[in-house]
Amino acid sequence: MTDWQSLLNPEQLAAVTASDGPLLVLAAAGTGKTHTLTYRVAYLIEKGVAPQNILLLTFTNRAAREMLERATRLAGPAIGSLWSGTFHHICHRILRRHADKVGYTRSFLILDRDDANGLINKALKARVSDLKHFPKKEVLASLIGKAANTQGDLREIVENTTFNDPVDPEIVLAIARDYAEMKRNANAMDFDDLLVLTLKLFEEHPEVLQEYSMRFVHVLVDEYQDTNIIQARLVDLLASHHRNLMAVGDDFQCIYSWRGADFRNIMDFPKRWEGCEIIKLERNYRSVPEVLDVANAVIAGNPDQFQKTLRAVRDSDQVKPLVSFLRDASEQSKLVIRTIQRALQSGYAPSDIAVLYRSHFHVVELELDLRRQRLDYTLTSGQGVFESVHAKDVIAYLRLCSGGTDEFAFQRMMALMPNVGPKTAEKIWQKMGGQFNGALETDRLKLSSLMPKKAQEDWAVIDHLIGEYHSKDLEHNGNRAVSSFLDTWYEAYLRRNFDNAEDRCDDVAALAAQFERGKPVAEFLYDVALMTNVDAEQARAMDDVPGIRLSTVHQAKGLEWPFVIVLWCNEEMFPSGRALKEGDDAEERRLFYVAVTRAKDNLFLCVPSTRKIAHNGGTLYLKPSRFIKEIPNELVSKRYGFY
DNA sequence: GTTGGGAGAATTTTT
DNA sequence: TTCTCCCAAC
């Protein structure tokens, strides 16, 4: 028997050993949320609950992996049969079994953002002639996504949004309908559909819901404050039979409302789950009191929260967080680099240091300077490896190899052929009768005969590869399939078309290396579809020595570093001007709170006073962030200029 | 219909 | 500085 008492503080112990029934754990930053959740899993298993009767829902793959690893260490390998993963993963898993009940086949495809935007663009072009005075595909995608994630009325959303030019909601509705129809015809779901259709499945097929709600005796949800209405509803349904629901979250850290997250879900949890127990975790093990004082001061600016105060467990180190007022980006860069070098000299490892910022473009200049100084860093924001064109090409090739009808992979491969553009590709697709299965020789022969003369030679190579690696051979030869593709054709293609072909090849090789762990290709392809650049970087960093971490605040949630530097604490930057246009500053303040609470020992806040405007070279004056002004003077040291 | 050049715009956060 | 769109030439 495990001695839980010696491993946990009284509040954590209460949460871990809570009896059956609904339970809300309000866990402030750094109070051992993950710790508590993993011990809860281990406790349940020790108590005799079978792992396959436990469902653990998270928001990121990283959190899922981390908790599973830790719980395995506590409870042993049997834990493998526990269901854990992101909402999207679990929904995906469920839909693979029941997709036929919501109008799809079980071999449905998953659209990434580019695929989805491409379809929307198609609908847009068909409906609107004057594209200059109509919202772009990205804007339309976000409107449609907002409607899906909030289960709201698209017309209302359009009517309540301000555009440069007046927009007829009818046209947007028509485009949304076209988009939905195209998805269905292609047997494809976007990310939102995974959630929406699972909910639909449960609501329309009580027998399916019953199977899962009976199976999951215990449902545990991490980061509950970031659930949107669909996710909250899914959780309610899944836990409806046994009523053993443990929701863990921190309303202070709700930072995804632009994606439909609604922190009222956590505020209303006690109402929806009557008689639920509430436990607050407020003892912070992470940070020195100087950092926590700032964090508490920052969040005090927000109304409408569960009252929680971070209480330090650690002793003071007598060093207050530092606010540095600087002239411009280059001075900021210099200061950051000097700070990093001093930290390294005093014995910190590069991986102890993180540089955080509101938006990816804030870090571009610093990245160049770090490279010049030959400091190792890991950048996780911006476009990830899996989002790059070349990675998608390779994935499309793998999808074709693995058989089944996949119009998106088909179109992408066609576009790589010389003299084949969108029109020809579409024509060939039609002549193929709207299908191509790489596993069927008849399909491959037919396709080869339809290729234009100029593309024949290139296609013959690909056709040969697909033939060689079709379904059954492919299963455990993913990396070989990819390296053959690279060696016999794609590398040459890259060299012909790009001057950074080397880098692209490296990315592809890294992708091939993902197979080394013996994962079947089909599974790999599903994972890739739901993977983010954070996951990609992490997979890569496993072998490398991780350097200084450069990350957006969003990606930094749940992580901690001894040294944290926050860039661009200015109005318009942090809080972001765009976000302010959408609503009040409460969410930006929560985001700033998340940034501050990542720091264990040292916190540096940078406040440059100007920035360059990228295109015309002009200079823009920036006020210090309101969040800096809200911190009482005595809680921080202030430094002006670069010494 | 495709391709490549050139001009122009643009920079939130992510499953 | 990097992607994206538009137009003109093959």
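# A guided tour of the predicted model

Begin by selecting Val41: apart from its neighbours within four places in sequence, it is in contact with Ile54, Leu56, Ala71, Ala75 and Leu220. The structure on display is a predicted model. Val41 is also among the residues with the most contacts inside the largest nonpolar core, together with Val25, Ala295, Val355, Val566, Val596 and Cys606. That core has 177 residues. In soluble globular proteins, nonpolar side chains tend to be buried together.

## The six-stranded sheet

Next, display the strands β3, β2, β6, β7, β1 and β8, which form an open sheet in that order with parallel pairing. Which strands stand at the edges? They are β3 (83-86) and β8 (277-281); each has a single partner strand, so one side of each is left without a neighbour in the sheet. On average, and with direction ignored, neighbouring strands of this sheet are turned by 15° against each other.

Now select helix α4 (residues 61-75), which packs on the sheet and touches β2 (54-58) and β3. The direction of α4 makes about 150° with that of β3. Add helix α5 (residues 87-98), which lies across β2 and β3 and runs at about 120° to β3.

Move then to strand β1 (residues 23-27), which pairs with β8 in the parallel sense over five bridges. To find one pair of partners, select Leu26 and Lys280: Lys280, in β8, is the bridge partner of Leu26.

## Strand β11 and its partners

Select β11 (322-326) together with strand β16 (residues 599-608); the two pair in the parallel sense over five bridges. Here Phe325 stands opposite Val607 in β16. Then add strand β19 (residues 637-640), which pairs with β11, again in the parallel sense, over four bridges. Val323 stands opposite Lys638 in β19.

From β11, step back to Gln318, in the loop between β10 (311-312) and β11. Is Gln318 buried or exposed? Gln318 is exposed, because it has 8 other C-beta atoms within 10 Å, and a residue with 12 or fewer counts as exposed. Select Val288 as well: the two residues are 30 apart in sequence, while their C-alpha atoms are 8.9 Å apart in space.

## Three helix views

Select helix α19 (residues 407-416), which is mostly covered, with seven of its 10 residues buried. The buried residues are Glu407, Phe408, Ala409, Phe410, Arg412, Met413 and Met414. What do they pack against? Their surroundings are β4 (109-110), α6 (113-127), β5 (188-189), α18 (389-401), α20 (422-431) and α22 (453-469).

Turn next to helix α26 (residues 521-529), where Val521, Phe524, Leu525, Val528 and Ala529 are buried. Look down the axis of α26: the buried residues fall within an arc of 135°, so they line one face of the helix. An α-helix has 3.6 residues a turn, so residues three or four places apart point the same way.

For a pair of helices, display α10 (residues 191-204) and α12 (residues 229-238), whose axes come within 10 Å and cross at roughly 35°. The crossing of α10 past α12 is left-handed. Where they meet, select Leu195, Val196, Thr198, Leu199 and Phe202 in α10, and Ile230, Gln231, Arg233, Leu234 and Leu237 in α12.

## Backbone details in the loops

The last stops concern the backbone. Most residues other than glycine have a negative phi, and most peptide bonds are trans.

Select Glu223, in the loop between β6 (218-221) and α12. Phi of Glu223 is near 50°, a positive value in a residue other than glycine. Glu223 counts as buried because it has 25 C-beta neighbours inside 10 Å, the requirement being 20 or more.

Then select Gln151, in the loop between α7 (137-150) and α8 (154-159). The phi of Gln151 is positive too, near 50°. Why is Gln151 partly exposed? It has 13 other C-beta atoms within 10 Å, and partly exposed residues lie between the limits of 12 or fewer for exposed and 20 or more for buried.

Finish at Pro575, in the loop between β15 (561-566) and α29 (577-582). Show the peptide bond from Phe574 to Pro575, which is cis, with omega near 15°.

Definitions and conventions. Residues numbered from 1 in each chain as written. Chains lettered and ligands numbered in written order. Predicted model: local features only at pLDDT ≥ 70, side-chain atom pairs only at ≥ 80, totals over all residues. Arc of directions from axis to C-beta. Pairing = 2+ DSSP bridges. Axes fitted to C-alpha atoms, helices over the stretch in contact; angles between N-to-C directions. Contact = placed C-beta atoms within 7 Å. Core = buried A, V, L, I, M, F, W, Y, C linked by C-beta atoms within 7 Å. Left-handed = near helix turned anticlockwise from the far one by under 90°.
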